[in-house]
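Open your viewer, switch on the cartoon, and keep the selection box handy. We will go from stop to stop, with a short note on what to look for at each one.

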Amino acid sequence: MFPAPDSLDKHVLTIRHSTDGFSYVVYNIDNQQFTDIYYNYGSNLTLKDTIKEIDGENGYGVENFRKVIILFDNSRNTFVPKDVYQGQDKDKYLGILGLTDKNSVALADFLSSAEAVNVYSITKEDFEFLSFFSGQIEYHHASSIIVASLIKANAERTDDARVYLNIKNQSFEMIMMKGCKLLFDNNFRFKTKEDFLYFVLFSIEQQHLDAASVPVYFLGMIEEKSQLVETTSRYVRDIRFLSKDNDVLYKSIKCEL
C-alpha cells in the first residue's frame, strides 16, 4: 500500500519496467528507508499500462510523488567507453549488436564513475509516453544503477577481480569488476542450470580469471539454496551473496537524450 496522499512529497517511487513484468519500491526520504515493495511478474505491459495499473491499485497518480524514477530493465544495452562515444551514433552502437529496430528509440546514461556511457533502447510507444510528463519522471537503464552502485561499493578495494550475477526471470546480467573498474557487462538468457553454468564459466575464462579463486556474488531473484547456486558451487569455490542497502545515489547518473 502506498503512503498517505499528504506525505507523498516525502517519498520517491522507483518503478522497474521489463518485458517480463514490473516491480516498484517506495523510498522515504526523511528516514531513508524503503517502505513498500511490489512485484508483478509474467505480464508484458507497455509503460503506460504499467503506470495505469499502479495508479489503479493505489487510488492516485504516481505524479504526486516527490520523484518518480523509471528503470528500464532489458537486454538491449551496451557500454561504450566515454572517450570514443559519439551521441549522434547511439543507434549505430546498438545496431551493430542487433539491439534496436525501427520501433525503438536509443537513449544513453552517462556514468562518470565508470568513464563510460550505457547506450540502450526502449520502444517508441514508451518514449512518447514519457514525453507527456515533461521532466516529472527521471529514467535510466537498470544496468546503469547496478554498475554505478558496484563501482561506489568497490571504491576502496584493491585491484582484485569480482564477479556479480544479477539473476532475473530466465536471464541474468553478469558484471565483472577489477577494483572499482568495470571490466565486463553482458546479459544472458538460459533455460537450464547447465546453460547458466556454461555462460558463467565461459565468460570468466574469456576475462582470464580463475573460477577456482575469483569471488562470485549472487544478487537479484535468487535463494541461497537455489539449484543455480548449487550447480555453480561445484566449479566456483568462493560464492557470496550481495547484501542490499539504501545507499543508491541516482543523482550520480546523468541521462543524455
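Begin by selecting Asp238, which is partly exposed because its relative accessibility is 21%. Keep in mind as you look around that this is a predicted model. Now add Arg240 to the selection: Asp238 forms a salt bridge with Arg240, and their closest N and O atoms are 2.8 Å apart. Arg240 is partly exposed too, with a relative accessible area of 32%.

**More charged pairs**

Side chains of opposite charge can pair when their charged atoms come close. The count of salt bridges in this model comes to 10, and a few of them make good stops.

Select Arg234 and Glu230 next. These two form a salt bridge whose closest N and O atoms are 3.0 Å apart. Arg234 is exposed, at a relative accessible area of 54%, whereas Glu230 is partly exposed at 40%.

Then bring up Arg162 with Asp160. Here the closest N and O atoms of the salt bridge lie 3.2 Å apart. Is Arg162 buried or exposed? With a relative accessible area of 7%, Arg162 is buried, while Asp160 counts as partly exposed at 30% relative accessibility.

For a bigger selection, show Arg16, Asp20, Asp73 and Lys168 together, and you will see a network of salt bridges linking them.

**Strand 9 and its neighbours**

Arg162 also leads to the next stop, so colour residues 161–167, which make up strand 9. How many of its residues are buried? The strand is mostly covered, with 7 of its 7 residues buried. Turn on the side chains to see which way they point: Ala161, Val163, Leu165 and Ile167 go one way, and Arg162, Tyr164 and Asn166 go the other.

Now add strand 10, residues 171–178. Strands 9 and 10 run antiparallel and are joined by 7 bridges. To find your place in this pairing, select Leu165 and look for Met174 of strand 10 standing opposite. The hairpin made by these strands has 3 residues between them, and Gln170 takes a positive phi near 60° there.

Which strand pairs with strand 9 in the parallel sense? That is strand 12, residues 216–220, and the pairing extends over 5 bridges. Select Asn166 and you can locate its bridge partner in strand 12, Leu219.

**Helix 3**

Move on to residues 124–131, which form helix 3, and highlight its buried residues: Asp126, Phe129 and Leu130. They sit on the same side of helix 3, because they cover an arc of only 100° around the axis. To see what covers these buried residues, show elements including strand 1 (11–18), helix 1 (47–58), strand 4 (67–72), strand 7 and strand 8 (137–141).

**A last stop in a loop**

Finish with Ser113, in the loop between strand 6 (104–111) and strand 7 (116–123). Ser113 counts as partly exposed, with 43% relative accessibility. Which residues does Ser113 touch, leaving aside residues up to four places away in sequence? They are Ala148 and Ile151. Then draw a C-alpha to C-alpha distance from Ser113 to Leu182: the two are 69 residues apart in sequence and 9.5 Å apart in space.

Conventions
Residues are numbered from 1 along each chain as its sequence is written. This is a predicted model: local features need pLDDT of at least 70, side-chain atom pairs count only at pLDDT 80 or more; totals for chains, interfaces and linings use all residues. Side-chain values use heavy atoms; hydrogens and water are left out. Helices (H or I, at least four residues) and strands (E, at least two) are DSSP runs, numbered from the N terminus. Buried means under 20% relative accessible area, exposed over 50%, partly exposed in between (1.4 Å probe, protein chains only). Contact means heavy atoms within 4.5 Å. A salt bridge is a side-chain nitrogen of Lys or Arg within 4 Å of a carboxyl oxygen of Asp or Glu. The arc is that of the directions from the helix axis to the C-beta atoms. Two strands pair if DSSP finds at least two bridges between them.
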